[in-house]
Amino acid sequence: MKKEINGKTKIIGIIGKNIENSLSPLIHNQIILKNSLNFCYLPFQVAETNLGKAIQGIKALNIKGVNITFPYKEKAIKFIDEVEESAQRIGAVNTIVNNKGILTGYNTDVIGFKKSLQEDGKFATKGKRAVILGAGGSARAVAYALLEEGIEEVYIFNRTPEKAEKIKQDLSSFFPESSIYVFLLEEENLKNKIERAHLIVNTTSLGMPPKIDYTPLPDEKLFHPDLLVYDLIYHPAKTLFLRQAEKAGAKIINGLPMLVYQGIESFCLWTGLKPEGKEVLKIIKQII
Ligand code: NAP
């Protein structure tokens, strides 16, 4: 946040359910401080029953905009006025901009994920095969990003397969060159697909507090050394999922680079300012 808050300070922030461990306030307030902007980024812990009221409150309190995080990225859509085209296709928003009382939803997770995959994961997506674990709001963004980058096949696994099926229905028509398959998240289904895959992405919340001793993969033997294993979770920095993948010789990446890059895109939508991603990531790594 700015050193001194005054009557002209503009408020931005994050709405989510379990945001005590979120690094977004740190990231945004570091950018604000470094650029001497009169903004302040605040955490708003909101119960699901209050989500609509909280989003309407953005207008009432003249808040400039917010990030929307776990588990509200899909649920938030019905409370906003407009949804940008790609966020509409994805069916999830992680950013809301308040423009003179009109709330518009965007999805900057897509660009955040793509950039982290390319620059930090050194992964070339075109023609590859990927396993996505989970079918919530972030799985939608991850699937969309991979499809836009020309992935050949995507295998989506979820505890509730109907939700994965809905992602397939929503996205297939936009990407006729790629194939999307959906499965129940269980070992037998996973084995054959992980063997064929180049990338596996955990988009479930298993591994984040309070479920830090959990992993979405039923057996660590499913990992192999030719995989890039990506966990969207960044707290803890190395989840059980990533520790097991590393032990199996796979290359790993956590959710911190994505968090920084998507945050910068959101910050730009609110302020017009776009700091360099790598620089911000370096500063945040030095602090935490
Ligand atoms: P979400 O929409 O609530 O989806 C949660 C997913 O986790 C669903 O697929 C859900 O399955 C699955 N899940 C939850 N509990 C489970 C269990 N016990 N067993 C199996 N599956 C389970 O959440 P989200 O917004 O996609 O976020 C998911 C995670 O990604 C969170 O940890 C979030 O912090 C992280 N994330 C990080 C970034 C970043 O920038 N690094 C960006 C976005 C999200 P069901 O459908 O069966 O309920």
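A polar contact is a pair of N or O atoms within 3.5 Å. The views below show a predicted model.

**View 1. Polar contacts hold oxygen atoms of the ligand.** By the 3.5 Å cut-off, the ligand has a contact with the backbone of Gly 137: a polar atom there is 2.9 Å from a ligand oxygen. The side chain of Arg 159 brings an N or O atom to 2.8 Å from an oxygen of the ligand. Lys 163 takes part through its side chain, with a polar atom 2.9 Å from a ligand oxygen. On its own, the ligand has 930 Å² of accessible area, and the protein covers 87% of it.

**View 2. The ligand sits in the largest pocket.** Two elements give two or more residues to the shell around the ligand: H5 and helix H9, which spans 256–271. The ligand has 25 residues around it. Those that come nearest are Ser 138, Asn 158, Arg 159, Thr 160 and Met 208. Arg 159 is also the residue whose side chain places an N or O atom 2.8 Å from a ligand oxygen.

**View 3. Asp 170 and Arg 140 form a salt bridge between two helices.** Their side chains meet at 3.0 Å, N to O. Asp 170 belongs to helix H6 (residues 161–172) and Arg 140 to helix H5, so the bridge ties together parts 30 residues apart in sequence. Asp 170 is partly exposed, at 23% relative accessibility. Arg 140 is buried, at 5%. The cut-off for buried is under 20% relative accessible area. Both residues belong to a network of salt bridges that also links Glu 74 and Lys 166.

**View 4. Glu 152 and Arg 129 form a salt bridge.** The closest N and O atoms are 3.8 Å apart. The pair links distant parts of the chain, 23 residues apart. Glu 152 lies in the loop between helix H5 (137–148) and strand E8 (153–158), while Arg 129 is in strand E7 (residues 129–133). Glu 152 is partly exposed, with 36% relative accessibility. Arg 129 has a relative accessible area of 19% and counts as buried, because the cut-off is under 20%.

**View 5. Within helix H4, Glu 119 and Lys 115 pair up in a salt bridge.** The N to O distance is 3.3 Å. The two residues are four apart in the helix (residues 109–120), so about one helical turn separates them. Glu 119 is partly exposed at 29% relative accessibility. Lys 115 is partly exposed too, with a relative accessible area of 22%. A search of the whole structure finds 17 salt bridges.

**View 6. Two peptide bonds that lead into prolines are cis.** Most peptide bonds are trans. Phe 70 and Pro 71 are joined by a cis bond with omega about 0°. Pro 71 has its place in the loop between strand E3 (65–68) and strand E4 (82–83). The bond from Pro 209 to Pro 210 is also cis, with omega near 5°. Pro 210 is in the loop between strand E10 (199–202) and strand E11 (228–231).

**View 7. Ser 36 has a positive phi.** Most residues other than glycine have a negative phi. For Ser 36, phi is near 50°. The residue is in the loop between helix H1 (24–34) and strand E2 (39–45). Ser 36 is exposed, at 61% relative accessibility.

**View 8. Lys 100 has a positive phi.** The value is near 50°, in a residue other than glycine. Lys 100 lies in the loop between strand E5 (95–99) and strand E6 (102–106). Lys 100 counts as exposed, with 81% relative accessibility.

**View 9. Gly 150 lies in the loop between H5 and E8.** Glu 152 is in the loop between these two elements as well. Gly 150 is partly exposed, at 24% relative accessibility. From Gly 150 to His 28, the C-alpha to C-alpha distance is 32 Å. In sequence, the two residues are 122 apart.

Key:
Residues are numbered from 1 along each chain as its sequence is written. This is a predicted model: local features need pLDDT of at least 70, side-chain atom pairs count only at pLDDT 80 or more; totals for chains, interfaces and linings use all residues. Side-chain values use heavy atoms; hydrogens and water are left out. A salt bridge is a side-chain nitrogen of Lys or Arg within 4 Å of a carboxyl oxygen of Asp or Glu. Buried means under 20% relative accessible area, exposed over 50%, partly exposed in between (1.4 Å probe, protein chains only). A residue is near a molecule or strand if one of its heavy atoms lies within 4 Å of it. A polar contact is a pair of N or O atoms within 3.5 Å; within protein, one must be able to donate a hydrogen and the other to accept it, and residues adjacent in sequence count only if both atoms are side-chain atoms. Accessible areas come from the Shrake-Rupley method with a 1.4 Å probe; for residues, only the protein chains shown count as cover. On a 1 Å grid over the protein atoms alone, a cavity is a set of points where a 1.4 Å probe fits but cannot get out, and a pocket is an open set with protein on both sides within 12 Å along at least five of seven lines; lining residues have an atom within 4 Å of a point. A molecule sits in a cavity or pocket if more than half of its atoms lie within 2 Å of its grid points.
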